[in-house]
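Here's a quick walk through one protein model, with an eye on charged pairs and who sits next to whom. Have the structure open while you read.

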Amino acid sequence: MISAEDSYTFVERAYDLGASDYITRPFDARVVCRRVSNTLMLYAKQKRLVQMVAEQVYEKEKVSNTMISILSHIVEFRNNESGLHVVHIRTITELLLRRLRKKTDRYPLTEADISLISTASALHDIGKINIPEQILNKPGRLTKEEFDIIKTHSAVGEHMLRQIPFNQNEPLVKVAREICRWHHERWDGRGYPDGLKGDEIPISAQVVSLADVYDALTSERCYKAAFDHETALNMIVNGECGAFNPLLLECLMDGADQIKQAMQETEEEKQKDAEQSQRQEANRLSREVLQEEGLLAGREKQGSARKHRENAPKTSE
C-alpha cells in the first residue's frame with residue numbers, strides 16, 4: 001500500500017486489514033520495485049514450503065494407510081474372503097459417519113474424526129489372526145464351542161493393539177482399540193464381549209459394527225451365499241442381526257442408494273484389475289511360447305519392417 005499518511009495509527013490499520021507492506025510518499029520507484037519483488041519472492045517461498053509440508057503429511061498418511069491395509073488383508077487371506085471386505089467397511093463407515101454428522105450434533109464429528117475412524121476400521125478383525133483356520137473357514141454351521149472361540153477375536157484384537165510397545169497415546173491406536181473390542185456390541189446390550197448398551201458403545205465401534213453386518217450379508221462367505229442389497233437392509237432394520245442405534249439405521253436407509261452404488265463401483269474396479277492382470281499374464285505366456293519356438297524375433301522384425309514401409313514417404317507415379 002502506498003500513501004502519504006505516515007501516522008503509526010494508519011500504518012498499523014493498513015497491516016491489520018491485510019496489507020503486506022506500507023510505503024509512504026514521496027518514494028523512490030526503484031525501492032518500491034525491489035520491495036514488491038521481495039514480497040513476491042517471500043510469498044512464493046512460503047507457498048512452496050506449505051506444499052512441501054502438505055506432500056510430506058500426505059506421504060506419511062499414505063504409508064500408514066498402506067501398512068494398515070496390508071495387515072488387514074493378511075487377516076482376510078486367512079479367512080478366505082474376497083479382499084474387498086476392508087475396502088467396503090472403510091467406504092460404508094465413511095458414508096455413515098458423514099450422514100450422521102448431517103443428521104445430528106449428538107456426536108461431535110470433525111473431518112479428522114471421520115478420516116481417523118474410517119482408517120482404523122480396517123483393523124476391526126485383526127484378532128482373527130489368532131483363530132484356527134479350520135474354524136474360520138468351516139463351510140457348515142459352527143458348534144457352540146467353535147462360536148465361542150470365534151467371539152474371542154474382538155478382545156484378542158484389542159489386546160494385540162494394547163501390547164504395542166509404542167504410540168499407545170496416538171488417536172489412531174486408541175480408536176482402533178475401541179473398534180476391535182466393541183464392534184460386536186449391540187444397542188440393546190446383547191452383544192459381546194462386554195455387553196455394553198446404547199452409547200456406552202463408542203460411536204466408532206457402533207458405525208463399524210453396522211458396516212460390518214451389511215457387508216457380511218451382501219458378500220459371499222464359505223458358509224453362505226450373498227444376500228441382495230434390499231434383503232440385507234430389511235434384515236438389519238427388522239432386527240435379524242441384532243439391535244443398532246436408531247440414528248444409524250436412519251443414516252443407513254437414507255444413504256442406501258449411495259452405499260449400493262459405492263459397492264458396485266468397488267466390484268467393477270476389482271473386475272477391471274483382474275481382467276488387466278489376465279491380459280498381462282496372457283501376453284507374458286505368449287511371448288514365452290514364441291521365444292521358445294524361435295518365432296518372436298522373426299515377428300518383431302516383420303513388424304518393424306512393416307512400420308518402416310508405412311512411415312516411408314510415398315513417391316508419385
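Let's start with Glu 111, which is partly exposed, its relative accessible area being 39%. Keep in mind that this is a predicted model. Glu 111 pairs up with Arg 101: their side chains meet in a salt bridge, 2.7 Å from N to O. The two partners link distant parts of the chain, with Arg 101 in helix α3 and Glu 111 in helix α4 (residues 111-120), 10 residues apart. Arg 101 is likewise no buried residue, since its relative accessibility is 33% and that counts as partly exposed.

What else goes on in helix α3? Arg 98 forms a salt bridge with Glu 94, and the closest N and O atoms are 3.2 Å apart. Why does this spacing suit a helix? An α-helix has 3.6 residues a turn, so residues three or four places apart point the same way. Arg 98 and Glu 94 are four residues apart in α3 (residues 85-103), so about one helical turn separates them. Arg 98 counts as partly exposed at 29% relative accessibility, and Glu 94 counts as partly exposed at 30%.

A third pair is Lys 128 with Asp 125, where the closest N and O atoms of the salt bridge are 3.5 Å apart. Is this pair buried or exposed? Lys 128 counts as buried, with 14% relative accessibility. Asp 125 is buried too, with a relative accessible area of 8%. Back at the earlier pairs, salt bridges that share partners join Glu 94, Arg 98, Arg 101 and Glu 111 into one network.

Here are the three pairs side by side:

| Salt bridge | Closest N to O distance |
|---|---|
| Arg 98 and Glu 94 | 3.2 Å |
| Arg 101 and Glu 111 | 2.7 Å |
| Lys 128 and Asp 125 | 3.5 Å |

These are examples from a longer list: the structure holds 17 salt bridges. The general idea is simple enough: side chains of opposite charge can pair when their charged atoms come close.

Now for the overall layout. The protein has 12 helices and two strands. Going along the sequence, the pattern reads β-α-β-α-α-α-α-α-α-α-α-α-α-α. Of its 317 residues, 33% are buried. If you take contacts between residues at least 6 apart in sequence, 57% of them join residues at least 24 apart.

Over to Asp 21, which you'll find in the loop between α1 (8-16) and β2 (23-24). Despite being in a loop, Asp 21 counts as buried because its relative accessibility is 17%, and the cut-off for buried is under 20%. Which residue does its side chain reach for a polar contact? That would be Arg 35, whose side chain makes a polar contact with the side chain of Asp 21 at 2.7 Å. Setting aside neighbours within four places in sequence, Asp 21 is in contact with Met 1, Tyr 15 and Arg 35.

Further along the chain, take a look at helix α10 (residues 246-254). Its N-terminal end is capped by Asn 245, with a side-chain oxygen 3.0 Å from the backbone nitrogen of Leu 247. Leu 247 is also one of the buried residues in α10, together with Leu 248, Leu 249, Cys 251 and Leu 252.

Ala 256 belongs to helix α11 (residues 256-293). Ala 256 is buried, with a relative accessible area of 7%. Leaving out neighbours within four places in sequence, Ala 256 is in contact with His 229 and Leu 233. Its C-alpha atom is 10.0 Å from that of Ile 92, though the two residues are 164 apart along the chain.

Finally, the pocket. The largest pocket has a volume of about 1200 Å³. It is lined by 32 residues, and the closest to its centre are Phe 147, Ile 150, His 184, Ala 216 and Tyr 223. The elements giving two or more residues to this lining are α5 (133-136), α6 (144-162) and α8 (203-218). Which of them gives the largest share? It's α8, with five residues. Sorted by class, the lining of the largest pocket includes 12 nonpolar, nine polar and 11 charged residues.

Conventions. Residues numbered from 1 in each chain as written. Predicted model: local features only at pLDDT ≥ 70, side-chain atom pairs only at ≥ 80, totals over all residues. Heavy atoms only, no water. Buried < 20%, exposed > 50% of the residue type's maximum accessible area, 1.4 Å probe, protein only. Polar contact = N/O pair within 3.5 Å; in protein donor to acceptor, adjacent residues only side chain to side chain. Contact = heavy atoms within 4.5 Å. Salt bridge = Lys/Arg side-chain N within 4 Å of Asp/Glu carboxyl O. 1 Å grid on protein atoms, 1.4 Å probe; cavity = no way out; pocket = protein on both sides within 12 Å on 5 of 7 lines; lining within 4 Å. Points joined across faces, edges and corners; volume = space filled by probe spheres on them. Nonpolar A, V, L, I, M, F, W, Y, C, P; charged D, E, K, R; others polar.
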